[in-house]
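This report describes the overall architecture of a protein and the surroundings of its ligand. The sequence and structure are shown below.

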Amino acid sequence: MTDTPARQLLPRLAVLGTGVMGETVLTAALGAGWAPDDVVATVRRPERGRELAERHGVDVSQDNVAAVTGAGVVVVAVKPKDVGALLDEIHDALAAGTVVVSVVVGLATTFFERRLPAGSSVVRVMPNTPSVVGAGVSAVSGGSGTHERDLALVEAMLAPAGLVVRVAEKDQDAVAALSGSGPAYTFYVIDALAEAGVLLGLTRATALELATATVQGAATMLRETGEHPAVLRERVSSPGGTTVAALRRLDAGGVRAAFLDALEAARDRSVELAATLDVPPGRAGSEGTGHEGTGR
Ligand SMILES: NC(=O)C1=CN([C@@H]2O[C@H](COP(=O)(O)OP(=O)(O)OC[C@H]3O[C@@H](n4cnc5c(N)ncnc54)[C@H](OP(=O)(O)O)[C@@H]3O)[C@@H](O)[C@H]2O)C=CC1
Ligand SMILES: O=C(O)[C@@H]1CCC=N1
């Protein structure tokens, strides 16, 4: 991991589309040393702008062109279907050498490079929502014109949000399926465990507390012991005991296979989104693709 750059060297940051993920990146950047008055967050709704200004003290704007003017790092955090139109909008206002960071699922760095001024440096990132509490994972890859220093700057910006890993861009759809969407699967599992506890007579509060602490403890144990999860699972499963009786039911229910299918579906959806939206510039976004409304 690269050290946080000295504050005076940090370029002005514009976050375009400051919803869940935009706010998460913005929070990380403030933690990495960006001053609030060197950050502008764009929104569509004034009430969202007021919320962000109050919470973070950053500038807010509904004008993406004004926001990117003078910015050295521009984070694109709108939904995939809105990216094409947004890039058309800001194209002429981007300075040469601007680092454009995308957290958008599916869309390749080439999607951005074709729609941005020549020489733009594109960094593709797949973060996840636990970043909001500093426990996220962000996978980073560069485009064809991306310098090492740009990747290092973006990695330093994301470091306060949690683990930052560098991956080959070809793996970003798989990463999105695993760690991008992964918090949702984990919340789903915790919710199911808690529900099962309620079935067995525990109060909801106790069941949820036990389920949450168990998942957190298991993850911590995995990291700290460095053991394979299968080995740790065997260590819980006494011969003829309770755990193996439960695991038999999970196998019979096809839970492992369902996870494999689920991640394949998420990966395929990422690829499909890109194919739907990646039409030649000028017909970007959902305009005229024949798939309007399918790009989330
Ligand atoms: N949520 C997640 O777990 C993850 C999301 N991502 C990616 O992050 C991106 C954003 O997702 P997420 O944060 O969940 O979505 P949100 O809907 O929370 O955020 C998108 C925000 O962009 C705003 N917006 C849309 N168009 C514009 C525009 N032209 N100018 C300014 N603001 C605009 C929206 O405004 P309004 O509120 O008015 O609609 C909204 O606040 C997506 O591309 C997604 O693939 C990546 C990893 C994980
Ligand atoms: O569901 C989605 O499309 C986004 C991308 C990864 C997590 N959430």
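## Overall architecture

Of the 296 residues in the protein, 35% are buried. The model is predicted. Its secondary structure consists of 12 helices and 8 strands. Along the principal axes, the C-alpha atoms occupy a box of roughly 70 × 45 × 40 Å. The radius of gyration is 21 Å, which agrees with the value near 19 Å for a compact globule of 296 residues.

Among contacts with a separation of 6 or more, 66% join residues that are 24 or more positions apart.

## Domain organisation

Two domains are assigned: domain 1 spans residues 7-171 and domain 2 spans residues 182-253. Taken over C-alpha atoms, their centres are separated by 36 Å.

Helix α11 comprises residues 242-252. None of its 11 residues reaches the 20 C-beta neighbours within 10 Å required for burial, so helix α11 lies largely in the open. Just after α11, G254 adopts a positive phi of about 70 degrees.

## Annotated binding site

An unreviewed UniProt entry assigns the feature "binding site" to L16, G17, T18, G19, V20, M21, A77, V78, K79 and P80. These positions are spread over 65 residues of sequence, yet they cluster in space, with a largest C-alpha distance of 14.1 Å.

Two of the annotated residues, G19 and V78, may be considered in turn. G19 is located in the loop between β1 (13-16) and α1 (20-31). It has 14 other C-beta atoms within 10 Å and is therefore partly exposed, since that class lies between the limits of 12 or fewer for exposed and 20 or more for buried.

V78 belongs to the loop between β4 (73-76) and α4 (80-90). Because V78 has 23 C-beta neighbours inside 10 Å, it counts as buried. When residues up to four places away in sequence are excluded, V78 touches L16, G17, V83 and L86. Of these contacts, L16 and G17 are also listed in the UniProt feature.

## Surroundings of ligand 1

Ligand 1 is surrounded by 26 residues, of which G17, G19, M21, R44 and V105 are the closest. Helices α1 and α4 are the elements that contribute two or more residues to this shell. By residue type, the shell around ligand 1 contains 13 nonpolar, 8 polar and 5 charged residues.

Among the closest residues, G17, G19 and M21 also appear in the UniProt "binding site" annotation.

Note on methods:
Residues are numbered from 1 along each chain as its sequence is written. Chains are lettered from A and ligands numbered from 1 in the order in which they are written. This is a predicted model: local features need pLDDT of at least 70, side-chain atom pairs count only at pLDDT 80 or more; totals for chains, interfaces and linings use all residues. Helices (H or I, at least four residues) and strands (E, at least two) are DSSP runs, numbered from the N terminus. UniProt positions are given in the numbering used here, feature names are shortened, and annotations may be inferred rather than shown by experiment. Two residues are in contact if their C-beta atoms, placed from the backbone, lie within 7 Å. A residue is near a molecule or strand if its C-beta atom, placed from the backbone, lies within 6 Å of it. Ala, Val, Leu, Ile, Met, Phe, Trp, Tyr, Cys and Pro count as nonpolar, Asp, Glu, Lys and Arg as charged, and the others, Gly among them, as polar. Domain bounds come from an automatic or database domain assignment. The radius of gyration is taken over C-alpha atoms; the globule rule is 2.2 Å times the number of residues to the power 0.38.
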